[in-house]
Protein chains: 2
Amino acid sequence: MTQDGIARTPDASPRTLPHAATLHDVAREAGVSLATASRVLNGSERKVAEAFRERVERAAEALGYTPNVSAQATARGRSPVIALLVADIADPYFGQIAAGVARGADERGLVVTIAITERDPERENRIVRALRGQRPMGLILAASRAEHPDGAEAGSELEAFERFGGRVVAFGERHGDDGAERSVVIDNAGGAEELGRRMAALGYRTAIGIAAAAGVRTSDDRLDGFTRGFASGGGRVERIVRADFRRESGAAAMAGALAEGVEPGTLVFGMSDVVALGAISAIRAAGREVGSDIAVCGFDDVPASSDVTPSLTTVRIPLNDAGYQAFRAIVDEDWQQDPLPVEVVVRDSTPGR
Amino acid sequence: MTQDGIARTPDASPRTLPHAATLHDVAREAGVSLATASRVLNGSERKVAEAFRERVERAAEALGYTPNVSAQATARGRSPVIALLVADIADPYFGQIAAGVARGADERGLVVTIAITERDPERENRIVRALRGQRPMGLILAASRAEHPDGAEAGSELEAFERFGGRVVAFGERHGDDGAERSVVIDNAGGAEELGRRMAALGYRTAIGIAAAAGVRTSDDRLDGFTRGFASGGGRVERIVRADFRRESGAAAMAGALAEGVEPGTLVFGMSDVVALGAISAIRAAGREVGSDIAVCGFDDVPASSDVTPSLTTVRIPLNDAGYQAFRAIVDEDWQQDPLPVEVVVRDSTPGR
DNA sequence: ATGAAAGCGCTAACAT
DNA sequence: ATGTTAGCGCTTTCAT
């Protein structure tokens, strides 16, 4: 043994590090061919004599062999990965979706890679392009995107991805023409409409919507649905302030609205719970009361929503299941979305008037 | 052009799908060798004539070439990935850490893969083993683990990983002897001690701790620190109930404690905000009041903690930065942890008595 | 500075 | 049923 604890090889190439056992090592150790070793360790169709199989398995065990995923991927031409794009992984909305995706991936032994778009469309495009390099089985777009922000160019990276056999699954129906893309749809409009109806029934007549920029599909759908439902009960969305889906943004938007004046008895509808939570803190900061003075409702039913006081009225959507659906949309050839029930849950932030 | 839109090749092999442009394609298109193409597109040292360089770049652009990461990884022997292990990605604690890791990875063009341990040590071991197959640059263990659950066996997968040049970074100092492993340490004990002191100063004298199983380092440290600080101010932790770090678990533990009887004026210390939040809901469910009746404090300062009412007293730790530190511990050869300030933030859930 | 060619670890025909 | 061998897409000596 040499001083560095590594056996010196005849050709004296100075390996600096021991290397992980390779399939080759296993085969040699077991006294079988590469192919046989590969078959018992990885190949699907079982056609190896029990005796050999055992020897290979023992050798692999002894050497601590782990198949090199990259090598397998190059050889097979596809990578056992699912790429997940989210706007912000620290956001509970995306966190839950991610959990659902991970749950599915785990079942199939797939690895999920995650990338953060920060809600920047340009950044998103760059990421998709880079992700293509991973040659993943599929791409899940959970980041809320706007409709074709600038004409035909947008999404061309996605097309390229699909053209080469990758599957892309988006949350929410996609604008365009492309039939290849699958989407798991959450009934944003329907849920919001029901919410609007319920709020009108509770006696609210005027509302302020805190929405993302026009063009952001999720936001548009929720706002439109709510407006419709609210109107059907005699209510009216009298003002729409813009924010993105971040908490601080919601707070700022609310603060702005407050500065312009908000009548007692007004209902504020945040396009997501996170935004609504931000609005609540702004309302408090302005010395107003949440509930009987200014009512607030949101959308998503993230865990925090039941913890606030007053607890937040919202629309529950099974985010984790939605993530799982997205996973299945990628791996199941004949996938069809299971229904994702949305449900209005009325809590204390919207007392009856 | 044939009917399927693909040029028929002389050997008539029926490719079912177009394939992504390969480096080979680019080289041919540009009329240069594979090596040259590789050099301009990926190689580090620049030594290619400007004329060639341009032709290659144009060809790559025209063909929409994206380097095949797996192939690069096999050729180079290492994969540009950072593997992140968390107990539960939907938990805001892990979500923030993940965001920090992702932020760093993005800077260096690395991809982060995430795996969920579900707080199951056995599962964690399986995962680490599978992860080895990715040959990632490093492994970040954010999942709170117990000390050697069952003797020497535990962590052997980690050792194997490190032996082959992978770097593992753990949150919290590791038990063992191994010098290879780096750890980003959060001053759990110190923060909790200060919290204990402050609570005692507020007038609390008896506390109930909701902790994870003994042996879970994070929990132990927080509990010990708190106990010490609280005692220094004349307080005493009179009961310790066990839960894991999930919200429901915290609620159940609190419900149990409540059933046995909890004196007014008692302080409940949840080992994490999530647990404390669960405790709060249990207290409410039992018809008791949070604050003046039963006070509650937690640890982490997740966003939800400032939204609850009464807002939760806790210890703030810069989780996102902690995640970023972990990233750096992997990529920077001469890494040294930047200090991660912990700070007690007293809110309404622990009014002075 | 450029190209030819030998790998990287593994899979999958194709023999045998 | 097992072994041989030609790739997979890319990197990297090693010549030139």
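Ala, Val, Leu, Ile, Met, Phe, Trp, Tyr, Cys and Pro count as nonpolar, Asp, Glu, Lys and Arg as charged, and the others, Gly among them, as polar. By these classes, the surface near DNA strand D has 12 nonpolar, 9 polar and 3 charged residues. The surface near DNA strand C divides into 12 nonpolar, 9 polar and 3 charged residues. The model is predicted.

**How the two chains relate**

Two copies of a chain are related by a rotation about an axis and a shift along it. Here, a rotation of 180° with 0.1 Å of shift along its axis places chain A on chain B, with an RMSD of 0.2 Å. That is the relation of a two-fold axis. The interface fits this picture. Of the interface residues of chain A, 100% are also interface residues in chain B, so the copies meet through the same surface.

**DNA strand D**

Around DNA strand D there are 24 residues. The nearest are A:T36, A:R39, A:A49, B:L23 and B:Y65. Sugar or phosphate accounts for 68% of the strand D atoms within 4 Å of the protein, and bases supply the rest. Phosphate oxygens of strand D have polar partners in both chains, including the side chain of A:T36 and the backbone of B:N68. The side chain of B:Q72 is another partner. Two or more residues of this surface come from each of α2 (34–41) and α4 (69–76) of chain A, and from each of α2 (34–41) and α4 (69–76) of chain B. The top contributor is α4(B), with 5 residues.

**DNA strand C**

DNA strand C is also surrounded by 24 residues. The closest are A:L23, A:S38, B:T36, B:R39 and B:A49. Of the strand C atoms within 4 Å of the protein, 72% belong to sugar or phosphate, and the rest to bases. In each chain, α2 and α4 each supply at least two residues of the surface. Here α4(A) gives the most, with 5 residues.

**Polar contacts with the DNA**

| Residue and atom | DNA atom | Distance |
|---|---|---|
| A:T36, side-chain N or O | strand D, phosphate oxygen | 2.6 Å |
| B:Q72, side-chain N or O | strand D, phosphate oxygen | 2.8 Å |
| B:N68, polar backbone atom | strand D, phosphate oxygen | 3.2 Å |
| A:L23, backbone N or O | strand C, phosphate oxygen | 2.3 Å |
| A:N68, backbone N or O | strand C, phosphate oxygen | 3.2 Å |
| B:A75, backbone N or O | strand C, base oxygen | 3.2 Å |

**The nonpolar core**

The largest nonpolar core has 164 residues. A:F226, A:M254, B:F226 and B:M254 have the most contacts inside it. A:M254 touches several residues over four places away in sequence, among them A:I210, A:V262 and A:I283.

Methods
Residues are numbered from 1 along each chain as its sequence is written. Chains are lettered from A and ligands numbered from 1 in the order in which they are written. This is a predicted model: local features need pLDDT of at least 70, side-chain atom pairs count only at pLDDT 80 or more; totals for chains, interfaces and linings use all residues. Side-chain values use heavy atoms; hydrogens and water are left out. A residue is near a molecule or strand if one of its heavy atoms lies within 4 Å of it. A polar contact is a pair of N or O atoms within 3.5 Å; within protein, one must be able to donate a hydrogen and the other to accept it, and residues adjacent in sequence count only if both atoms are side-chain atoms. Helices (H or I, at least four residues) and strands (E, at least two) are DSSP runs, numbered from the N terminus. Copies are superposed by least squares on the C-alpha atoms of residues with pLDDT of at least 70 in both. Contact means heavy atoms within 4.5 Å. A nonpolar core is a set of buried Ala, Val, Leu, Ile, Met, Phe, Trp, Tyr and Cys residues joined through side-chain atoms within 4.5 Å. Buried means under 20% relative accessible area, exposed over 50%, partly exposed in between (1.4 Å probe, protein chains only).
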